[in-house]
Amino acid sequence: MPRLFTGLEIPAEIGQSLSNLRGGLPGARWIDPENYHVTLRFIGDIDGVSANEIASMLFRVDRKPFEVKVQGLTSFGGRKPRAVVATIAPSKPLMELQAELERMMQRIGLDPEGRKFIPHVTLARLHDASDRDVADYLSLRGYFPSKAFMAERFVLFSSRASTGGGPYVVEDAYELCA
């Protein structure tokens, strides 16, 4: 059964910029730049019939391309940090696309996403990293000039069941061209 999710790809030049922030954080498992993405909706482990239904349904999305702005670093997990992420500005078109995908997934019977959508790019997964080390890392590397790109499509990714971080495969792409 494939593990699926929808997302936005990160252009290579922005991925390269973000990859320059790697290193200097004990307990970090850095994500390879070719696996950077913005998850729009995690779908999960799906049988082939459902996967085909989802892939077909996503072609109904009718939206215009929009700007995506990468604007700094933070961590997720509070006092027990679990990830270092690049934050993405929650623009109206991005939030509307994500909400539409969420509604579509619920219509076909998937449970609602339990967490609030916070657009981001995961740069590292953390294992036994202290909140102090993460705070020090963010104070040194957390600011970088914001970078923007045009999202002209979103994709359906698959991944093998693992501890996260890829490799991810683009199963289908959906142009934004309304």
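Helices here are DSSP runs of H or I at least four residues in length, strands are runs of E of at least two, and both are numbered from the N terminus. On that basis, the protein chain of this predicted model reads β-α-β-β-α-β-β-α-β-α-β-β-β along the sequence. That comes to four helices and nine strands.

Four of the strands come together as an open sheet, in the order 3-1-8-9, with antiparallel pairing. At the edges sit strand 3 (37–45) and strand 9 (168–175), each with a pairing partner on one side only. On average, neighbouring strands of this sheet are turned by 25 degrees against each other, direction ignored. Helix 3 (residues 92–107) packs on the sheet, where it touches strand 1 (3–9), strand 3 and strand 8. The direction of helix 3 makes about 5 degrees with that of strand 3.

Over at the strand 9 edge, strand 8 (residues 153–159) runs antiparallel to strand 9, and seven bridges join the two. Within this pairing, Phe154 of strand 8 stands opposite Tyr174 in strand 9.

As for the overall build, the C-alpha atoms of the protein chain fill a box of roughly 45 × 30 × 25 Å along the principal axes. The radius of gyration is 16 Å, which agrees with a compact globule, because a globule with 178 residues would have a value near 16 Å. Of the contacts with a separation of 6 or more, 78% link residues 24 or more positions apart. Some 43% of the 178 residues count as buried. The chain still exposes about 9500 Å², and carbon and sulfur atoms supply 50% of that area.

Key: Residues are numbered from 1 along each chain as its sequence is written. This is a predicted model: local features need pLDDT of at least 70, side-chain atom pairs count only at pLDDT 80 or more; totals for chains, interfaces and linings use all residues. Side-chain values use heavy atoms; hydrogens and water are left out. Two strands pair if DSSP finds at least two bridges between them. Axes are lines fitted to C-alpha atoms, for helices over the stretch in contact, and angles run from 0 to 180 degrees between N-to-C directions. Contact means heavy atoms within 4.5 Å. The radius of gyration is taken over C-alpha atoms; the globule rule is 2.2 Å times the number of residues to the power 0.38. Buried means under 20% relative accessible area, exposed over 50%, partly exposed in between (1.4 Å probe, protein chains only). Accessible areas come from the Shrake-Rupley method with a 1.4 Å probe; for residues, only the protein chains shown count as cover.
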